[in-house]
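Biologist: I'd like a close look at one part of this model rather than a full tour. Could you take me through it slowly?

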Amino acid sequence: MPKFKFRLQSYFDIKVKLEDKARQDYGMAMVQLDAELREHARLEAERGAKIAHFRESLESSVKPSEVRSFNNYIELLKKNISAANERVNTAREAAETRRAELVEAMKQRKMLEKLHDNARIDFNKEQTRAEQRATDEVVSYKFNNMP
């Protein structure tokens with residue numbers, strides 16, 4: 001009995017590798033997004049903590065230089081938070097792009113898997129027909145050559 005050979009097997013193997021690569025890229029994009037989100041949250045928490053600390057220090061005497069220093073630091077934090085927002089948005093877009101690429105790679109692999117399955121079914125049917133023909137030939141030969 002001949003062995004089944006899918007004629008698009010090398011193409012299928014390439015698509016599987018591309019899907020694995022897309023899955024890895026998506027995972028790395030999600031890790032990057034998570035890191036950017038954590039950094040953004042850290043900056044927001046630091047800003048909140050500094051504002052709370054400054055409000056507490058307002059209860060006692062505060063020098064104008066301390067107020068100016070505080071304002072400069074808060075402005076720097078606002079700029080850093082704004083930059084972190086941009087990085088989060090960029091990382092989110094990159095992750096979405098990678099996810100779309102992964103979905104497309106999965107669709108292509110599944111399409112080739114379906115073609116593979118259909119080709120195997122057709123091969124099995126043809127093998128069954130060939131075996132049936134061979135059996136019919138043996139039976140008809142024996143029947144025709146009976147004394």
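Which residues make up the largest nonpolar core?

Modeller: Before the answer, a word on the ground rules: this is a predicted model, where local features need pLDDT of at least 70, side-chain atom pairs count only at pLDDT 80 or more, and totals for chains, interfaces and linings use all residues. Residues are numbered from 1 along each chain as its sequence is written, and side-chain values use heavy atoms, with hydrogens and water left out.

Now the core. Seven residues form the largest one: Leu43, Phe54, Phe70, Ile74, Leu77, Ile81 and Ala84. By nonpolar core I mean a set of buried Ala, Val, Leu, Ile, Met, Phe, Trp, Tyr and Cys residues joined through side-chain atoms within 4.5 Å. Helices α1 and α2 (64-144) each put in at least two of its residues, and α2 gives the most, with five. Helices here are DSSP runs of H or I, at least four residues long, while strands are E runs of at least two, and both are numbered from the N terminus.

Phe54 and Phe70 deserve a pause. They form an aromatic pair that is stacked, at 4.0 Å centre to centre with 5° between the planes. For rings of Phe, Tyr and Trp (its six-membered ring), pairing takes centres within 6.5 Å; planes under 30 degrees apart are stacked, over 60 edge-to-face, and the rest tilted. The structure holds two such pairs, and this one links distant parts of the chain, as Phe54 sits in helix α1 and Phe70 in helix α2, 16 residues apart. Phe54 counts as buried because its relative accessibility is 15%, and Phe70 is buried too, with a relative accessible area of 15%. The cut-offs are under 20% relative accessible area for buried, over 50% for exposed and partly exposed in between, using a 1.4 Å probe and protein chains only.

Val67, in helix α2, touches Phe54 as well as Val62, leaving aside neighbours within four places in sequence. Contact, by the way, means heavy atoms within 4.5 Å. The C-alpha atoms of Val67 and Phe54 are 8.6 Å apart, with their positions 13 residues apart along the chain. At 28% relative accessible area, Val67 is partly exposed.

Elsewhere in the core, Ile81 is in contact with His40, Leu43, Glu44 and Arg47, again setting aside neighbours within four places in sequence.

One last residue from helix α1 (residues 9-57) is Glu36. Glu36 counts as buried because its relative accessibility is 12%, and beyond residues up to four places away in sequence it touches Arg87, Val88 and Ala91.
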